[in-house]
Amino acid sequence: MSALTDYAKGKPCLIRAPEICTFIDEQTVACHVPLADYHGTGFKMADWFIAFGCFNCHDHVDSRRYRHIEEAVARTWHIEGMIRTQAYILKRAPHLVVNMAKAA
């Protein structure tokens with residue numbers, strides 16, 4: 001785990017999938033945004049490409065549940081969540097981004 005994935009714990013869900021999100025901060029984890037040809041078992045995008053997501057939203061964007069929603073819609077929610085997450089981090093914990101850049 002990185003400082004960014006650790007930081008996600010207890011934060012608000014920023015994926016906010018309508019009628020799916022629990023809005024329970026205690027359930028929030030880092031949800032990596034998949035990129036075609038750049039994800040799979042044991043292989044994820046860099047930790048900067050995360051969205052803070054509650055249990056239900058994480059299950060949804062990882063296609064574990066709520067399969068009745070179109071994949072393009074779920075992907076949009078996930079990417080919008082990533083943008084909200086990046087804005088949240090830049091505003092509240094910019095030191096995490098600086099430290100991540102130094103480590104790269």
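**Close-up views of a predicted protein chain**

Buried residues, those under 20% relative accessible area with a 1.4 Å probe and protein chains only, make up 39% of the 104 residues of the protein chain. The model is predicted: local features need pLDDT of at least 70, side-chain atom pairs count only at pLDDT 80 or more, and totals for chains, interfaces and linings use all residues. Residues are numbered from 1 along each chain as its sequence is written, and side-chain values use heavy atoms, with hydrogens and water left out.

**View 1. The whole chain.** The protein chain has 4 helices and 2 strands, in the order α-β-β-α-α-α along the sequence. Helices (H or I, at least four residues) and strands (E, at least two) are DSSP runs, numbered from the N terminus. Contact is defined as heavy atoms within 4.5 Å. Of the contacts between residues at least 6 apart in sequence, 65% join residues at least 24 apart. The exposed surface of the chain is about 6400 Å², and carbon and sulfur atoms supply 57% of it; accessible areas come from the Shrake-Rupley method with a 1.4 Å probe.

**View 2. The nonpolar cores.** A nonpolar core is a set of buried Ala, Val, Leu, Ile, Met, Phe, Trp, Tyr and Cys residues joined through side-chain atoms within 4.5 Å. The largest has 14 residues, of which Cys-13, Ile-15, Cys-57 and Trp-77 touch the most other members. Helices α2 (55–61) and α3 (71–92) each supply at least two residues of this core. Another core, apart from the largest, has 12 residues, among them Leu-4, Ala-8, Leu-14 and Trp-48.

**View 3. Surroundings of Cys-13.** Neighbours within four places in sequence are left aside here. Beyond them, Cys-13 is in contact with Cys-21, Asp-25, Thr-28, Phe-52, Gly-53, Cys-54 and Cys-57.

**View 4. The aromatic cluster.** Rings of Phe, Tyr and Trp (its six-membered ring) pair if their centres lie within 6.5 Å; planes under 30 degrees apart count as stacked, over 60 as edge-to-face and the rest as tilted. The count comes to 3 aromatic pairs. Tyr-7 and Tyr-88 form a tilted pair, with 6.5 Å centre to centre and 50° between the planes. This pair joins helix α1 (residues 3–8), which holds Tyr-7, to helix α3, which holds Tyr-88, across 81 residues. Tyr-7 counts as buried because its relative accessibility is 18%, and Tyr-88 does so at 15%. Phe-52 and Tyr-88 form an edge-to-face pair at 5.7 Å centre to centre, with 75° between the planes. Phe-52 is in strand β2 (residues 50–53), 36 residues from Tyr-88, and Phe-52 is buried at a relative accessible area of 0%. Ring pairs thus link Tyr-7, Phe-52 and Tyr-88 into a cluster.

**View 5. A charge over Tyr-7.** Lys-11 lies over the face of Tyr-7, 4.0 Å from the ring centre. The rule asks for NZ of Lys or CZ of Arg within 6 Å of the ring centre and within 35 degrees of the ring normal.

**View 6. Helix α3.** The 22 residues of α3 should span 32 Å at 1.5 Å a residue, and the end C-alpha atoms are 31 Å apart, which agrees. The expected span is 1.5 Å times one less than the number of residues. Buried residues in α3 are Ala-74, Trp-77, His-78, Gly-81, Met-82, Thr-85, Gln-86, Tyr-88 and Ile-89. An α-helix has 3.6 residues a turn, so residues three or four places apart point the same way.

**View 7. Asp-59 and two arginines.** Asp-59 lies in helix α2 and is buried, with a relative accessible area of 8%. Leaving aside neighbours within four places in sequence, Asp-59 is in contact with Arg-64 and Arg-65.

Notes: Buried < 20%, exposed > 50% of the residue type's maximum accessible area, 1.4 Å probe, protein only.
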